[in-house]
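Visitor: Could you take one part of this model and go through it closely, residue by residue where that helps? After that, please carry on from there to other parts of the fold.

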Amino acid sequence: MTLPGMLLLVLLSGCQALDLSKQEAALGPSANPVTVDNVTRNDRLAKLGAEQHPRILATYGGEYKDPKLERMVAKIVGNLTLVSENPNQTYRITILDSPNINAFALPGGYVYVTRGLLGLANDSAEVAAVIAHEMAHVTANHGIQRQQWEAEAAIAGRVVSEVLHDDVAGREALLRGKLRLAQFSRNQELQADAVGIKMIGEAGYDPFASARFLQSMEAYQSFRSVSGATDASLDFLATHPATPQRIELAMGHARRIGAPGVGTTDRDSFLNGIDGILYGDTPDEGYVRGRTFLHPKLGVTFTVPSGFDIDNSANAVMATGPNEVAIRFDGAQLAQGSSLTDYIKSGWVSGLDESTVRATTLNGMPAATARASADRWQFDIVVVSAGEKVYRFLTAAPKGSAALLPTSQAVTRSFRILSPAEQATIKPLRIRVVTVKPGETIGTLAARMQGTDRKLDLFRLLNAIPPGGTISVGGRVKIISE
């Protein structure tokens, strides 16, 4: 479940057009890179990488296990290592089980790439461009800085900060704490880019893949911004915004290697590797299907009103809609013997109007409702008891808005328990690689996409098909389905 936050990007930090000729002397790898093989010469930095590795796994959902995907990535890394100016260095490549779009490196040769990034890429050259960029940070001995970052979500954040007491909000903030990685200087990013593009060219990959993937990231940013799913605090895009200048710099480095068409994309090998990988949320976090949230493990579901977008993280589900209205859903333990009305009054709600607390039922389940206010906001609170759990809905709207109660009623009345048969039929979404058959069009293939109301937009995005672009019979494309 994730809170809406700031959208992030893939390869550089706010670049301006620069005169790179003055930097040529600085664009080579370090003569003394921090890698697994020479950690004894840089104990402090190598120890830092090793210490942070478990925290990276915890933050990003652990390691994603898929032998054929791992072989595909290992092949790319092996090709890049062969052309490194330090061919004996060792890298530890980890595929993270996260839908976020990210790749980064830590001292000691730890390199990470998320399954979300692999799903967005369209060929091996694009993956090589991203990984080479991160390897370049290691070989150039760029320091990794990591800091806790609390995503600021305009309305959704207020649901937490203004309704929940500080201690509860503080604990949740710690749980939601995002780690912003690879916060390098502009010159360090340019250096890593130049080295990375040179590496993929020498490895035989298409050097224009870096610019091409940046363009995909721009499209991804636009898609996320429009859809409202804007909490991308774990995304590569945060520290590597894809500006037009950034893309032009990447194109310039590629032209130094050769004309467009030089090098291989190794697309078939890539598509074989990603076919069947998980897309989006995991079963532990539940699934978003259009405007409906389903959690097969908890056995609950609800639907948000038309015009709302759901953003899902491990700790809460947020939905934002028109006119600054937001919904927050989560679960908590109900103390044995405690009534729901007493629970609402137990101190976790700030600004509570106790005279509004009422016991009721919701779809046959015990429930309680209440109202609260803070600053210019009004809140409707609904708690529902199901088994040993109490589920909480908090709806926020500006004071005076007539949308508060209708919105709260619409979402809470849709809340229900899934039957065992329904729970068994809910499957995660996966990327499926299909071959275009005679008579099939972008429209017919996009219609097969699941898990989104914007089927055509997402199909074009995942397959890097620009406006006016077409597909060919016999070509291979990615769709999302169970």
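**Valine 390 and other strand residues**

Guide: Leaving aside residues up to four places away in sequence, valine 390 is in contact with Asp330, Gly331, Ala332, Gln333, Leu334, Leu340, Tyr343, Val383 and Val384. This is a predicted model, so what follows describes computed geometry. Valine 390 belongs to strand S16, which covers residues 389–398. With a relative accessible area of 0%, valine 390 counts as buried, because that class takes in values under 20%. One further distance helps to place the residue: valine 390 and alanine 367 are separated by 23 residues in sequence, while their C-alpha atoms lie 9.0 Å apart in space.

Some of these partners lead on to a neighbouring stretch of chain, since strand S12 spans residues 326–333 and is joined to strand S11 (317–320) by a loop that holds asparagine 323. The phi of asparagine 323 is near 60 degrees, a positive value in a residue other than glycine, and this deserves a remark because most residues other than glycine have a negative phi. Asparagine 323 is exposed, because its relative accessibility of 65% is over the 50% cut-off. A second asparagine can be set beside it: asparagine 363, in the loop between strand S13 (352–362) and strand S14 (365–374), also has a positive phi, of about 50 degrees. Asparagine 363 has a relative accessible area of 47% and is therefore classed as partly exposed.

From there one may turn to strand S19, where serine 481 is found. Serine 481 is buried, with a relative accessible area of 13%, and its contacts, again without residues up to four places away in sequence, are Pro428, Leu429, Arg430, Arg432, Arg448 and Gln450. The pairing of strands gives a setting for part of this list: S18 and S19 run antiparallel to each other and are joined over six bridges, with valine 433 having lysine 478 in S19 as its bridge partner. Strand S18, residues 429–435, also pairs in the antiparallel sense with strand S6, residues 278–279, over two bridges, and there leucine 278 stands opposite arginine 430. Arginine 430 is thus named both as a contact of serine 481 and as the residue facing leucine 278.

Strand S19 (476–481) also takes part in the second largest pocket, together with helix H8 (209–227) and helix H15 (455–462), these being the elements that give two or more residues to its lining. Helix H8 contributes the most, with four residues. The pocket has a volume of about 520 Å³ and a lining of 25 residues, among which Arg460, Asn463, Ala464, Ile465 and Pro466 lie nearest its centre. By class, the lining residues divide into nine nonpolar, nine polar and seven charged.

A separate piece of strand architecture completes the walk, namely an open sheet of four strands in the order S7-S8-S9-S17, with antiparallel pairing. Its edges are formed by strand S7 (287–289) and strand S17 (416–417), each of which pairs on one side only. Within this sheet, strand S8 (residues 292–295) and strand S9 (residues 300–303) are joined in the antiparallel sense over four bridges, and histidine 295 stands opposite valine 300 in S9.

Key: Residues are numbered from 1 along each chain as its sequence is written. This is a predicted model: local features need pLDDT of at least 70, side-chain atom pairs count only at pLDDT 80 or more; totals for chains, interfaces and linings use all residues. Side-chain values use heavy atoms; hydrogens and water are left out. On a 1 Å grid over the protein atoms alone, a cavity is a set of points where a 1.4 Å probe fits but cannot get out, and a pocket is an open set with protein on both sides within 12 Å along at least five of seven lines; lining residues have an atom within 4 Å of a point. Grid points are joined across faces, edges and corners, and a volume is the space filled by probe spheres set on the points. Ala, Val, Leu, Ile, Met, Phe, Trp, Tyr, Cys and Pro count as nonpolar, Asp, Glu, Lys and Arg as charged, and the others, Gly among them, as polar. Buried means under 20% relative accessible area, exposed over 50%, partly exposed in between (1.4 Å probe, protein chains only). Contact means heavy atoms within 4.5 Å. Two strands pair if DSSP finds at least two bridges between them.
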